[in-house]
Every structure is written in C-alpha cells, then in structure tokens.
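I opened my notebook to work through one structure, step by step. Here is what I looked up.

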Amino acid sequence: MGRACLLLGRLDEARRLGSRAVEFSRHQPGFTAHALRLLGDIATHPDWFDAESGAAYYREGLALAQLHGMRPLVAHCHHGLGELYRRIGETEHAQESLTIATTMYREMEMSFWLEQGRRYDEIQ
C-alpha cells in the first residue's frame, strides 16, 4: 500500500505506511528491507527531497537485503543510491552504484529495470 501511495503522490500516507511497516516487521527482515527501500524512495521524491535520510534508508535496506540474499532488492537499493548521488552531484558514487545495479539487473535478467535505467539516462 505504501508503494501505491507513493506512486499516487500521497507522500504523507506513503511515509506513514512505510514507517509502520518498519516498526511492525523487525522480526521479518525481508519485509523491513522492502519498507526501508520504500522510505528511501519517499525521501528522494522530488517534492520531499532529503538526501541524507534517503541515503540512510537505502543503505540500511541494502545491508538487510545483502544479509538475507535478496538480490533484486540489493539491485534496487543500489539503483536508488545511484540516482540520489547523481542528483546531488556525486558523479563517482552515482556511477559506481548504477553500474552495480545495472550489472545485477542484467545477471538476473530483469529487463524491465534495465530499460528503466536506459530511459533515465536518455532524460539526463
């Protein structure tokens, strides 16, 4: 529901749901990792951009996802970090994170996400 609220631009509700998901899923690290990525996506939304919070959420979600072998989520967190770094002008970090994400998407045959990355590059 939190992701749907984010996509609909209902950021307050998305953040509330994401925070509740983190709070109530501490014994289910997979759910927590997904909720942390959601909070990272909310923090980096153009209307609420907070680079510090976004990076913290993505890094925490990334750590949990790596620990539990959640490769698609690891790739998504790297992608989120890469976009965040690009927006704040940290080109080297952006390239590193986006390269990791792209490599992982390719290895996992996640063509939809590879295409999303190409579209983003074309816009820039």
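**Notebook: a look around the chain**

I began with one residue, Ser 97, and I found it in helix α6. I keep in mind that this is a predicted model.

Is Ser 97 buried or exposed? I looked up its relative accessible area, which is 7%. The cut-off for buried is under 20%. Ser 97 is therefore buried.

Next I asked which residues Ser 97 touches, not counting those up to four places away in sequence. I noted His 78, Leu 81, Gly 82 and Tyr 85.

**Helix α5**

I then turned to α5, which covers residues 71-87. I counted off 17 residues in this helix. From first C-alpha to last, α5 reaches 24 Å. That is close to the 24 Å expected at 1.5 Å a residue.

How many of the 17 residues of α5 are buried? I found twelve, and I wrote down that α5 is mostly covered. Among the buried ones are His 78, Leu 81, Gly 82 and Tyr 85. I had just met these four as contacts of Ser 97. The buried list also includes Leu 73, Val 74, Ala 75, His 76 and Cys 77.

What follows α5? I found Gly 89 there, with a positive phi near 85°.

**Met 108**

I moved on to a loop. Met 108 lies between α6 (91-107) and α7 (111-123). I set aside its neighbours within four places in sequence and looked for contacts. Met 108 is in contact with Arg 71, Pro 72 and Ala 75. I also checked the pair Met 108 and Arg 71, which are 37 residues apart along the chain. Their C-alpha atoms are separated by 8.4 Å.

**Ser 25**

Another serine, another place. I found Ser 25 in the loop between α2 (11-24) and α3 (29-43). Its relative accessible area is 4%, so I marked Ser 25 as buried. Leaving aside neighbours within four places in sequence, I noted contacts from Ser 25 to Phe 31 and Thr 32.

**Leu 7**

Where is Leu 7? I located it in helix α1, residues 2-7. Its relative accessible area is 71%. The cut-off for exposed is over 50%, so I wrote down Leu 7 as exposed. I paired Leu 7 with Ile 42, which is 35 residues away along the chain. The C-alpha atoms of these two are separated by 9.7 Å.

**The whole chain**

Last, I stepped back. I counted seven helices and zero strands. Read along the sequence, I get the pattern α-α-α-α-α-α-α.

Does the radius of gyration agree or disagree with that of a compact globule? With 124 residues, such a globule would have a value near 14 Å. I looked up 14 Å for this chain, which agrees. The C-alpha atoms fill a box of roughly 35 × 30 × 25 Å along the principal axes.

I also checked burial over the 124 residues, and 44% count as buried. The chain exposes about 7500 Å². Carbon and sulfur atoms supply 52% of that area.

Then I looked at contacts with a separation of 6 or more. Residues 24 or more positions apart account for 52% of them.

My final entry is on charges. I noted 14 positive and 17 negative ones. Their mean positions are 5 Å apart.

Methods: Residues numbered from 1 in each chain as written. Predicted model: local features only at pLDDT ≥ 70, side-chain atom pairs only at ≥ 80, totals over all residues. Heavy atoms only, no water. Helix = DSSP H or I, 4+ residues; strand = E, 2+ residues; numbered from the N terminus. Rg over C-alpha atoms; globule rule 2.2 N^0.38 Å. Buried < 20%, exposed > 50% of the residue type's maximum accessible area, 1.4 Å probe, protein only. Contact = heavy atoms within 4.5 Å. Areas by Shrake-Rupley, 256 points an atom, 1.4 Å probe, with all protein chains shown as cover. Lys, Arg positive; Asp, Glu negative; His and termini not counted. Charge placed at Lys NZ, Arg CZ, Asp CG, Glu CD. Expected span 1.5 Å × (residues − 1).
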